Amino acid sequence: MKIVTIHGQNHKGSTYMIAQELVDKISDRKRDVVEKKEFFLPADFDEYCTGCYTCFQTDLSNCPHYQKLEPIKNAILDADLLILESPVYVYHATGQMMSLLDHFGTWWVIHRPEESMFKKRAVVLTTAAGGGMKSTLKDMADSLEMWGISKVYRYGVGVQASRPDEIPEWIMKKIHKKTDRLANQICSSEGKGRMNLRGKMWFSLMKLAHKQFGAMESDYAYWEEKGWH
Ligand SMILES: Cc1cc2nc3c(=O)[nH]c(=O)nc-3n(C[C@H](O)[C@H](O)[C@H](O)COP(=O)(O)O)c2cc1C
């Protein structure tokens, strides 16, 4: 199993700790078959989308930030399991996490999805002092589900702390239990090989639009080439 973790911050705090714990537990269970990569934001990608529409109108490889984006893009495409984690900052994922995800808008199933996504699974993780977990998980899961990823697991926890060593013992126990359960779920099942229901619904709607508007639609040729019409 190849795992790529994208940290929505450079520092190794509570959210990093949970992501690391999960990766370690998966590695323990699948000792011989785990390949791990990780990226920190903004250290490994620090660009904002300029809104030039080049990716939508031509190809992602023409993005002005492609040189910096390519290693992350390749690692994602190569992975079986993606882990996206971010602390809650003002009820949302960090700006740098959202900036990275902006760069993959063209992967949404209504544009030019990557077929390899339909077999992958993903986990989104967040911690907050107390509130904003749901919206932060949604920030990251929106992209993963709309990329067509087969299954996206979500876990957010209020840690009542600003640093891992301040997290109360009873919350740490809850975290350990949850990461155990997640690791078991991930190791005992494979990707379904088909996109999640939400992605599938939008994909089907887009197929109808293509039939209605034909080659006027800028992604039409890509879909035609894939045989999706
Ligand atoms: C800029 C900033 C904004 C934050 N916004 C929230 C928030 O909206 N809700 C909340 O409960 N905690 C908020 N926090 C607290 C962190 O989400 C919380 O301490 C988290 O566990 C930190 O994770 P980390 O150790 O991985 O950085 C904020 C912290 C910072 C630095």
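Mentor: Quick ground rule before we look at this predicted model: a helix here is a DSSP run of H or I with at least four residues, numbered from the N terminus. Tryptophan 202 sits in helix 7, which covers residues 197-213.

Trainee: Why is tryptophan 202 called partly exposed?

Mentor: Its relative accessible area is 36%. Buried means under 20% and exposed means over 50%, so 36% puts Trp202 in between, hence partly exposed.

Trainee: What makes the nonpolar surface patch?

Mentor: Met201, Trp202, Leu205 and Leu208 make it, and the patch comes to about 400 Å². Patch members need over 30% relative accessible area, and Trp202 with its 36% clears that.

Trainee: On to the ligand. What makes the histidine 11 pair a polar contact?

Mentor: A polar side-chain atom of His11 lies 2.6 Å from a ligand oxygen. The cut-off is 3.5 Å between N or O atoms, so the pair counts.

Trainee: How do you know that serine 14 and alanine 129 count too?

Mentor: Backbone atoms do the job there: a backbone N or O of Ser14 is 2.8 Å from a ligand oxygen, and a polar backbone atom of Ala129 is 3.2 Å from one. Both values fall within 3.5 Å, so both qualify. As for cover, the ligand taken alone exposes 650 Å², and the protein buries 72% of that.

Trainee: Which elements each supply at least two residues of the shell around the ligand?

Mentor: Helix 1 (14-29) and strand 4 (121-128) do. In total 17 residues surround the ligand, with His11, Thr15, Val88, Thr127 and Gly130 the closest. The shell splits into 9 nonpolar, 8 polar and no charged residues.

Conventions
Residues are numbered from 1 along each chain as its sequence is written. This is a predicted model: local features need pLDDT of at least 70, side-chain atom pairs count only at pLDDT 80 or more; totals for chains, interfaces and linings use all residues. Side-chain values use heavy atoms; hydrogens and water are left out. A residue is near a molecule or strand if one of its heavy atoms lies within 4 Å of it. A polar contact is a pair of N or O atoms within 3.5 Å; within protein, one must be able to donate a hydrogen and the other to accept it, and residues adjacent in sequence count only if both atoms are side-chain atoms. Accessible areas come from the Shrake-Rupley method with a 1.4 Å probe; for residues, only the protein chains shown count as cover. Ala, Val, Leu, Ile, Met, Phe, Trp, Tyr, Cys and Pro count as nonpolar, Asp, Glu, Lys and Arg as charged, and the others, Gly among them, as polar. Patches are made of residues with over 30% relative accessible area and no salt bridge: like charges are joined within 9 Å, nonpolar side chains (Val, Leu, Ile, Met, Phe, Trp, Tyr) within 5 Å. A salt bridge is a side-chain nitrogen of Lys or Arg within 4 Å of a carboxyl oxygen of Asp or Glu. Buried means under 20% relative accessible area, exposed over 50%, partly exposed in between (1.4 Å probe, protein chains only).
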